[in-house]
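Q: Please take a close look at one part of this model, the loops with unusual backbone geometry, and then set that part beside the ligand site and the helix packing.

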Amino acid sequence: MSDHHHDHGGEDSSFGDLLDLDGDVLHEYWADALSFVRRAAGGDRRRRIVDLGAGTGTGTLRLAHRFAGAEIIAVDADAALLHRVRTKALDQGLADRITTVHADLDETWPVPGPVDLTWASLSLHHLADPDRVLRDVHAATRDGGLIAVAEFPVQIRFLPDEAGSGLETRLLEGLEQHQAERLPELGTDWPARLAAAGFTLVDERTFDIDLSPAPPATAAYAAIWFGRMARHVDDLDPADASALEELLDGDGPGSLHRRDDLRVRGTRTVMLARR
Ligand SMILES: C[S@@+](CC[C@H](N)C(=O)[O-])C[C@H]1O[C@@H](n2cnc3c(N)ncnc32)[C@H](O)[C@@H]1O
């Protein structure tokens, strides 16, 4: 997807893999976040649930498991990602309750109401006009219905401090610059924007992630992540560039896959608001 609002950083399948690995490596966060949403939503009263910018469906599938009997509508602009959602829905016997909607949210709001719950994980900051979309979500939401917005206050990190985190810090600074141009909505005041759309903030929780030792899938996650950062940062000094090359050298002795000191650190925030 070349449109600047869909910042996938490439046409390959690595973005989908990255999202799948996020659900895998951070499965504890995902479970906790969905428990938080489920408690606030009062369990099974929620019948129609939208996963806004569903990606490969980590949220969609978890919502279907958590809200027995509910219909989950996964909306995304990327057909290949939605294909993964449908495959998982079939594999897990949930195809009768999961619908995928291929739509560009910058163009139109694609889900007729009433909606009981909307889950928007790491997707609002990709939109050209999130305020318009939030107003559309509000209009489609039943009175008393909820929206849950998950965003990240800080970027995820993988290297331990003593081993090259200076490199990681410099890569993240480069990524931040790149994102400041391409994703101007990133890191904005979502509670204020939810309020402006007519929602009332009911709760907010910060989930601190610190996985050490890192789960087995971490090296694959970190390899895609560092590869993407490498593409976005073009002014690395030669020492950093060769250290990065070593990390990304598939079978090499210094590669991410060979390291036993990876550690996953990050923060996700989930904001809950009611109509
Ligand atoms: C960072 S991913 C998050 C995916 C998923 N919610 C998760 O947390 O794993 C952002 C998603 O938003 C989707 N997206 C971005 N802009 C969009 C738009 N204008 N309309 C619909 N989907 C969009 C992307 O295709 C991508 O799947």
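Where is Leu 122 found?

A: In this predicted model, Leu 122 is found in the loop between strand E4 and helix H5, the latter spanning residues 130–140. Its backbone stands out by sign: phi of Leu 122 is near 55°, a positive value in a residue that is not glycine. Most residues other than glycine have a negative phi, and most peptide bonds are trans.

The second half of that statement has its exceptions here too. Strand E4 covers 115–121, and the loop between strand E3 (98–102) and E4 holds Pro 114. The peptide bond that runs from Gly 113 to Pro 114 is cis, with omega near 0°. Another cis peptide bond links Ser 212 to Pro 213, where omega is about 0°. Pro 213 sits in the loop between strand E6 (200–211) and helix H8.

Strand E4, which runs over 115–121, also leads to the ligand. Ser 121 is listed among the closest residues to the ligand, together with Gly 53, Asp 76, Asp 104 and Leu 105. An N or O atom in the side chain of Ser 121 is 2.6 Å from an oxygen atom of the ligand. For Asp 76, a polar side-chain atom lies 2.5 Å from a ligand oxygen atom. Gly 55 contributes through its backbone, with an N or O atom 3.5 Å from an oxygen atom of the ligand. Taken alone, the ligand exposes 600 Å², and the protein buries 97% of that. In total, 22 residues surround the ligand. By character, this shell divides into ten nonpolar, eight polar and four charged residues.

Helix H8, which follows the loop of Pro 213, brings in the helix packing. Two packed helices are described by the angle between their axes and the distance between the axes. The axes of H8 (residues 218–232) and helix H1 (residues 14–25) come within 9 Å and cross at roughly 140°. H1 and H8 are therefore oblique to each other, and their crossing is left-handed.

H1 also packs with helix H4 (residues 79–91), at an angle of about 45° and with the axes 10 Å apart. This pair, H1 and H4, is therefore oblique as well. Here the handedness is right-handed, as H1 passes H4.

To return to the part in question, Leu 122 has its positive phi in the loop between E4 and H5, while the cis bond from Gly 113 to Pro 114 belongs to the loop between E3 and E4.

Technical notes. Residues numbered from 1 in each chain as written. Predicted model: local features only at pLDDT ≥ 70, side-chain atom pairs only at ≥ 80, totals over all residues. Heavy atoms only, no water. Near = heavy atom within 4 Å. Polar contact = N/O pair within 3.5 Å; in protein donor to acceptor, adjacent residues only side chain to side chain. Areas by Shrake-Rupley, 256 points an atom, 1.4 Å probe, with all protein chains shown as cover. Nonpolar A, V, L, I, M, F, W, Y, C, P; charged D, E, K, R; others polar. Axes fitted to C-alpha atoms, helices over the stretch in contact; angles between N-to-C directions. Helix = DSSP H or I, 4+ residues; strand = E, 2+ residues; numbered from the N terminus. Parallel < 35°, antiparallel > 145°, perpendicular 65-115°, else oblique. Left-handed = near helix turned anticlockwise from the far one by under 90°.
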